[in-house]
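This report goes from the whole chain to one sheet and then to a strand inside that sheet. Keep the structure in view while reading.

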Amino acid sequence: MDDLDEDRLLHLAIDLAREAGALLLEGLHRARTEVDTKSSRTDMVTEMDLASEASIVAGLRRARPHDAILGEEGAASEGTTGVRWVIDPLDGTTNYLYGFPSFAVSIAAERDGHTVVGVVHDPLHVETFTAVAGRGARRNGQPLRVGGATDLGTSLVGTGFAYQAGRRALQAAVLTTVLPAVRDVRRAGAAALDLCWVACGRLDAFYEQGLAPWDRAAGALVAAEAGAWVRVPGVTADGLPEDLTAACDPGLTEQFVALLTRAHSDLGGG
């Protein structure tokens with residue numbers, strides 16, 4: 001894939017993410033007409049998740065009808081081009097329902113299984129985080145770099161929790177090891193944004209177990225292209241849970257991995 005192809009994917013993703021973001025803002029304070037649950041009674045989906053995904057998918061099928069699509073709310077199709085779009089139409093649904101100001105639209109484009117373009121759009125704060133593999137990360141067009149932290153003890157760390165009660169209890173136990181070892185912990189409720197906040201220095205590190213591809217694909221690329229160390233699920237050689245996503249300033253990597261390893265070892269692997 002050459003730069004022109006990547007630019008086309010990037011601009012398409014930006015346009016569709018911003019259109020979906022405008023739709024979400026329009027519906028933010030409207031009475032919900034449909035609220036359902038998925039994996040548990042705390043894992044919610046609204047008519048706005050579905051409308052946002054439908055908007056993005058329609059735009060992709062108009063522009064690139066032969067690409068594959070994977071969406072959180074059920075959109076799935078095979079493709080013939082080697083490109084697959086991975087979509088989270090509303091990352092932070094619970095926040096959206098409560099009017100808590102942390103939610104985003106996340107769109108990634110993969111080429112032959114590798115993420116080449118990532119876009120995370122925060123409509124409330126009018127911030128669009130973008131990345132192209134090998135070409136860096138940006139926020140509203142301006143280059144991004146990680147914050148430069150080197151001391152884990154004075155670092156601000158983000159995390160998130162699963163929807164299943166048993167998994168949440170284990171994650172809370174991990175937190176009892178992590179929290180005393182860092183400056184403080186934040187749980188904002190939208191992993192795509194958390195990863196972008198590592199990219200721009202609002203967080204020094206982030207970890208969460210059990211993220212789906214659409215939760216992490218775009219944000220992980222933004223973080224990596226901003227210079228962060230990024231660990232995605234599927235790794236088994238580092239002693240951490242296979243389904244753990246983590247990112248941090250590179251100056252924190254050794255300390256952060258050691259802390260997470262200790263925290264999960266205390267649980268027999270998490």
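In this predicted model, the secondary structure of the protein chain consists of seven helices and 15 strands. The chain is as compact as a globular protein of 270 residues, because its radius of gyration is 18 Å, close to the 18 Å that the globule rule gives for that length. Along the principal axes, the C-alpha atoms fill a box of roughly 50 × 45 × 30 Å.

Of the 270 residues in the protein chain, 51% are buried, where buried means a relative accessible area under 20%. The accessible surface comes to about 11,600 Å², and carbon and sulfur atoms account for 51% of that surface. Contacts also link parts of the chain that are separated in sequence: among those between residues at least 6 apart, 60% join residues at least 24 apart. The chain carries 24 positive and 37 negative charges, and the mean positions of the two groups are 2 Å apart.

Next comes the sheet. Strands of a sheet pair through backbone hydrogen bonds, and they may run parallel or antiparallel. Here, eight strands form an open sheet with mixed pairing, in the order β4-β3-β5-β6-β7-β8-β9-β10. Strands β4 (76–77) and β10 (142–143) are at the edges with a single partner strand each, so one side of each has no neighbour in the sheet.

The table lists three of the pairings, with a pair of facing residues for each.

| Strands | Bridges | Direction | Facing residues |
|---|---|---|---|
| β3 and β4 | two bridges | antiparallel | Leu70 and Ala76 |
| β3 and β5 | four bridges | parallel | Gly71 and Ile87 |
| β5 and β6 | seven bridges | antiparallel | Asp91 and Ala104 |

Strand β3 covers residues 68–71, and strand β6 covers residues 104–111. In the sheet order, β5 lies between β3 and β6. Strand β5 runs parallel to β3, to which four bridges join it, and antiparallel to β6, with seven bridges. Within β5, Ile87 is the bridge partner of Gly71, while Asp91 stands opposite Ala104 of β6. On the other side of β3 in the sheet order is β4, where Ala76 stands opposite Leu70.

Why is strand β5 described as largely enclosed by the rest of the structure? The strand spans residues 83–91, and eight of its nine residues are buried, so the rest of the structure largely encloses it.

Key:
Residues numbered from 1 in each chain as written. Predicted model: local features only at pLDDT ≥ 70, side-chain atom pairs only at ≥ 80, totals over all residues. Heavy atoms only, no water. Buried < 20%, exposed > 50% of the residue type's maximum accessible area, 1.4 Å probe, protein only. Pairing = 2+ DSSP bridges. Rg over C-alpha atoms; globule rule 2.2 N^0.38 Å. Contact = heavy atoms within 4.5 Å. Areas by Shrake-Rupley, 256 points an atom, 1.4 Å probe, with all protein chains shown as cover. Lys, Arg positive; Asp, Glu negative; His and termini not counted. Charge placed at Lys NZ, Arg CZ, Asp CG, Glu CD.
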